[in-house]
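Here is a walk through a two-part tour of loops, prolines, backbone angles and surface charge. Please keep the viewer open as you read.

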Amino acid sequence: MLRTVKPRNARSKRAFVARQPKEVEDPRTCIFVKGTHTGEIVTQAMKELMALKRPNALAFNKKNEVRPFDTASTSETTLEFWSAKNDASLFLIGQSTKKRPNGLTFVRMFDGRVLDIIEFGVEKLVGMAEFKTPKCTPGNKPLLHFASDLFETHPRFIQLKSMLISFFNGETIESICLPGIEHVISITLSPTPTTLTTDVTDTNPEDLTSLPKVHIRAYTIKLKASGTRIPKVGLVPMGPSLDLVLRRHQAPDPDLLKQSLRRPKLKKQDVEKGVGKKRKNMEVDEMGDLRGRVHVGKQDLSKLQTRKMKGLKSRFDEEDVEEMDVDQEDVEGMDVDQEDTPLQTKKQRT
Amino acid sequence: MDVSSILGSLGNTLQDDTDLEEGNYILDTGYLTVTNTTPIDVELYNENIDEYIEQNARDSTQRLIGALFRLPTTSSPDGPLAMLPPPTSLLPREKPLPKPKELTKWEKFAAAKGIQKKVREKKVWDEEKQEWVARWGWKGKNKEAETQWIHEVPANADVDHDPRKVARDERKARVAKNERQRLQNLAHASGSSSKTSDRKREIDRTLATTRVSTASMGKFDRQLEGEKKPRGLKRKFDPAEASAEQEKQSALALLSRLDSDARKMRKNPESNDSSALNVRKAIRSVSKGQGGVALARKLDSGKSSKKSRR
């Protein structure tokens, strides 16, 4: 594999540090790889997707023999090598064969190893150029829209959603410039077939005809004044528009997935902001001061320390109590609490 | 009249928003993502796919934009910045979490004592020169004692006392000490056991051995104050109930040990040599521990004298 060399000067050290794991990660870089044969459609589809993914995209223009689903081949090590070399953790492999025409394969990596793979077939493609409409700025962050209940229920589509968020928008950002929002990418499924609606677990996962199609569309957003703070949204098709069918897939290895889903510990600041675990009775006021509320338990006044006098000592206590008991027997319906009243009050009474 | 119409239109737009609230939308503003979980309408879909998708996308985007515009904002030269909450959906990371940096010995101590880190300025004020000079490095303040042209020499100093050399050696020793500590911290952070810890363990083991190496096995030795009782091996017993498979394995292991070569050797040592005499032992005994060669030499040279003496 790749040699790991200790950086010897400041520039190479900066480059080295930039590749080290970070708590808040950069967007994933995607490598677009051509397989042994790519038809016109696949080539164009990759070009269009690359236009959306730019600038975090890298194109391999030569043909490469990669078959990510073929575990017997060296494809996996090849992918790992490319990933390490280019510091990229996503691959889009285009491959057209007689058995699987116009195939697009998304490969996602974690820690330099293949995490999961999804394969699509391109059924229909309309490029950006065919829509004579304004386009978004390259590198602008898209909004994402998923439409179907399957994105929450069916494992294949949960994986698909996760993969596409990783591909288009998998970056944690703190803030976004509201007037800078330019486009939305919509991923819609075709109507759910009845075989899927009846019972999800019953269907054969390899029976691909039962799975609905995936429509990927991109629109530019026009914000119109609505009279309120929230503008009205108008959409203009921008392209590309892709109709895809699901083919093979490889689910993530549970151990690797568990590792990859580990989150950093929340910072103290976040906890105070209320992002993390809720802290009771604590709040940060407008001045930035931490304010707390303290609940004091109910006070037991009988144990209150009063003035210390010889006459109030406990050894003088017993006979008084006996006297009190005698007194209390006479009085009907005496309150129980009053038995414990401090000594001095008793004294006054006797 | 005008006002009422305006209010009416405002009411309508508000109504629109609340309508959208009711749908099955899952928002993840951290990833700018909206999921519409309403099942796809077959009729509308079949009528015109693209139009249906666009309509669906428009509704969802309206919802998402609404949520984004409702977020707290800060102003920037390019317009309002919406402060996004952290994402709710879990995405796999690209690389594992970074390992926390190992603290140095000083940092640990400082944390325990609550000592705050303060930044030392690089320049210090030189009263004599009336200017700021570097604390260290070229023309550094720390080399002052070495570079000044006149020195105070103590009265009892040696003839060859060189105050410049003394100052320089002190400085060099400080640098060397710092470097040594840095390397120790590095070694500690990398997790390899250091020399000192190895040595400590060795000393502990030796001490434990010597304590039981007296005639009374340490029983009647005078104890030092604060000396702890030596901790021996704790006896461990296998559970009385074990699975049949485990029992079988342990029994087989025992049997194989009974029949092992080592045991056979102990039973009848040197089975190939039939004589009862242990030659090696005999030679050692006769030569009084000096060996066979010495014995032969002695026999050769001092046959007569030995005899006469006897």
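A:Arg315 is exposed, because its relative accessible area is 55% and the label exposed calls for over 50%, with buried meaning under 20% and partly exposed lying in between (1.4 Å probe, protein chains only). Accessible areas come from the Shrake-Rupley method with a 1.4 Å probe, and for residues only the protein chains shown count as cover. You will find A:Arg315 in the loop of chain A between strand E13 (290-292) and helix H9 (317-330); helices (H or I, at least four residues) and strands (E, at least two) are DSSP runs, numbered from the N terminus.

A few words on conventions: this is a predicted model, in which local features need pLDDT of at least 70 and side-chain atom pairs count only at pLDDT 80 or more, while totals for chains, interfaces and linings use all residues. Residues are numbered from 1 along each chain as its sequence is written, chains are lettered from A and ligands numbered from 1 in the order in which they are written, and side-chain values use heavy atoms, with hydrogens and water left out.

Back at the surface, A:Arg315 joins A:Lys308, A:Lys310 and A:Lys313 in a patch of positive charge. Patches are built from residues with over 30% relative accessible area and no salt bridge, like charges being joined within 9 Å and nonpolar side chains (Val, Leu, Ile, Met, Phe, Trp, Tyr) within 5 Å. A salt bridge here is a side-chain nitrogen of Lys or Arg within 4 Å of a carboxyl oxygen of Asp or Glu.

Now for the prolines of chain A. The peptide bond from A:Arg54 to A:Pro55 is cis, with omega near 5°, and A:Pro55 sits in the loop between helix H2 (40-53) and strand E2 (57-63). Another cis peptide bond links A:Gly239 to A:Pro240, with omega about 0°; A:Pro240 belongs to the loop between strand E10 (232-237) and strand E11 (241-250). In strand E11 you also meet A:Leu242, which is buried because its relative accessible area is 0%. A:Leu242 and A:Glu48 are 194 residues apart in sequence, yet their C-alpha atoms are 9.6 Å apart in space.

A:Pro191 lies in the loop between strand E8 (183-189) and helix H6 (194-198) of chain A. With a relative accessible area of 16%, A:Pro191 is therefore buried. From A:Pro191 to A:Pro212 there are 21 residues in sequence and 6.6 Å in space, C-alpha to C-alpha.

What about the cysteines? A:Cys30 is buried at 0% relative accessible area, and A:Cys136 counts as buried at 16%. The count of disulfides over all chains is zero, where a disulfide is a pair of cysteine sulfur atoms within 2.5 Å.

Chain B offers some backbone angles to inspect. B:Leu32 is not a glycine, yet has a positive phi of about 55°; this residue is in the loop between strand E1 (25-28) and strand E2 (33-36). B:Lys139, likewise not a glycine, has a positive phi of about 55° and lies in the loop between strand E6 (131-134) and helix H5 (144-147). Are these two residues buried or exposed? B:Leu32 is buried, because its relative accessibility is 0%, whereas B:Lys139 is exposed, because its value is 60%.

Finally, look at helix H10 (residues 279-286) of chain B, which is hardly covered: of its eight residues, zero are buried. After H10(B) comes B:Lys288, with a positive phi near 55°.

Note on methods. Lys and Arg count as positive and Asp and Glu as negative; His and the chain ends are not counted. The place of a charge is taken as NZ of Lys, CZ of Arg, CG of Asp or CD of Glu.
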